[in-house]
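Visitor: Could you take me in for a close look at the spot where the ligand sits? I'd like to hear what surrounds it.

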Amino acid sequence: MAFSPGPEAVDVLVIGAGVTGIYQLFRAREAGFSVALVEAGEGVGGTWFWNRYPGARFDSESYTYAYLFSEELFDQWEWQEHFAGQPETERYLNHVVDRFDLRRHMRFGAVVTAASWDDASGTWTVTTKDGGSVRARFLVTATGVLSVPYVPDVPGRDDFRGVQHHTGRWPAEPVDMAGRRVAVIGTSSSGVQVVAAVVDEVAALDVYQRSANWCTPLNNRPITADEQARLRADFEQLKKVLDTSIHGFHHPINDRRAFDDPPEARQAFFEEMWASPGFMKFTSNYVDILTDPAANAEWCEFIAGKIRGIVHDPGTAERLIPTDHRYGEKRPPYVAGYFEAFNRPHVTLVDLRDTPIVRITETGIETTAGERPADVIVWATGFDFGTGAMLRMGIRGRDGVALEDHWADGPVTFLGVQTSGFPNLFFPGGPHAAAGNNPRYNGDQVDFITDLLEHARAHGHDVVEVTPEAEERWTAMIDRAAAETPFGTIGQYVGGNIPGKPKRYLLNAGGRPKLFKEIARVVDTDYAAFDLSSR
Ligand SMILES: Cc1cc2nc3c(=O)[nH]c(=O)nc-3n(C[C@H](O)[C@H](O)[C@H](O)COP(=O)(O)OP(=O)(O)OC[C@H]3O[C@@H](n4cnc5c(N)ncnc54)[C@H](O)[C@@H]3O)c2cc1C
């Protein structure tokens, strides 16, 4: 449905109905602003609307990913598993939208193709693909960092006569894989989930791997009745931990270094980590696991040993052990039954370092070793991370400057929420955000933005723009922090998978502590990092 300008102008227009946009819509409306939200998809959920592929599931504990702004909401929703699958998460986000009567502000199937700032009126005009437009005082793009699927430019994709989908645009109707020959291209978080989910039903499964990843067990299980009761009883405590934790997880932080322990104790601790849920292997591991290369190598050797123990064929096992990056340099996937799948006679690992894909044919995939037939191709080839969505929306700020020009060398931001020359534009959960358990960090940004808008309104201002100095300071902090970590320059975190993309760190390398510190400073200095004015 199209908006029209004029009477339908709103105070706050949110783009994106994912976990961040829903929360921003809620907070802005509760603060008394008139609101609207436009979403490209036909439903609520963002990531959890689009990624319907078999096996799609949280790597964050469900109840730590959930909203914490209402204890009643938290009590009402009983997560079934510690790590919920996509259907449950999509249901949850729909429940939240209906529970707080947010759907009436939302327009679906509305792809934003242009957004222009008008300095005279101090408003944004946002245009959608269907020709509609809406005017808004404040524009919040909650368009996600993993919302634009990337498919490499392989010749012949359109020739394929079978079924092919990207995991990030998986259709609502289940894709029938039973008894079919399935090719999964890509072995990061999504690809490894697909492999384990479909291995039992398919006739043949070819797994096309460009580089192996440090996969460790998710260790998911149902939430027991006792645990449900404890979660409810401990809500305040859980909230306190999540609101202050560095990563936004409730995992205990380990202050021991890897070589504080003798070899046997270290081995025993790694076994504990292997058996621990999800990201604990990252967040509760030895404190120097990401900073001391020797500590990292010990952990990698432990995982390699596990892989060799699970995978029967020694050649396949070696190929499944990463050789091009250390643990943590790429986001580690969490798995259930992934390595075991390679012991099945109908599963083949195709190593693209040895035999790269030449082209897609009508009936399968041709590598330098010949053609392998396929009925279904699953493109688990990732996303245009960080800036993909924002740079595809035709955003133009003051004097018609295009965002892609302002960010030609990579994003420059303040707190990952604003960029200079683009007044009244905010982008929680965008570039320079999302370190760890996303809703916690993105929620911090939404809270900050809402407080800032309330502050401006209370002082009679309706135009808010970060100063170039504040932007420079924050971006320099990120560049510095990224350079200091041995893991700062690795492909995934700088968008290295996208040809031609400037290689600059896309997350907040300073993490949540830097965000908290800077927010406190902003508030203490009466929002001096922003120019506030009126039209
Ligand atoms: C498979 C998968 C699993 C993940 N698992 C986890 C996890 O376990 N824990 C975790 O913390 N994070 C996880 N993430 C990261 C995840 O993206 C975030 O947790 C979270 O969904 C981000 O929410 P968001 O609202 O910021 O963005 P999104 O959920 O990506 O929502 C953005 C929305 O904006 C819309 N949009 C974009 N451009 C336009 C446009 N031009 N016009 C209109 N609408 C537009 C999109 O359609 C989308 O619906 C996962 C990501 C993927 C892909």
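**Around the ligand**

Guide: Let's start with the contacts: a polar backbone atom of Asp-59 is 2.6 Å from an oxygen atom of the ligand, a polar contact being a pair of N or O atoms within 3.5 Å. This is a predicted model, where local features need pLDDT of at least 70 and side-chain atom pairs pLDDT 80 or more, while totals for chains, interfaces and linings use all residues. Residues are numbered from 1 along each chain as its sequence is written, and side-chain values use heavy atoms, without hydrogens or water.

Thr-47 has a backbone N or O atom 2.8 Å from a ligand oxygen. With Ser-60, a side-chain N or O atom lies 2.7 Å from a nitrogen atom of the ligand. The protein buries 94% of the 980 Å² that the ligand exposes when taken alone (accessible area by the Shrake-Rupley method, 1.4 Å probe).

Stepping back, the ligand has 34 residues around it, and Thr-20, Glu-39, Asp-59, Ser-60 and Tyr-65 come nearest (a heavy atom within 4 Å counts as near). Helices H1 (19-30), H2 (47-50) and H15 (438-458) each give two or more residues to this shell (helices are DSSP runs of H or I, at least four residues).

Conventions
A polar contact is a pair of N or O atoms within 3.5 Å; within protein, one must be able to donate a hydrogen and the other to accept it, and residues adjacent in sequence count only if both atoms are side-chain atoms.
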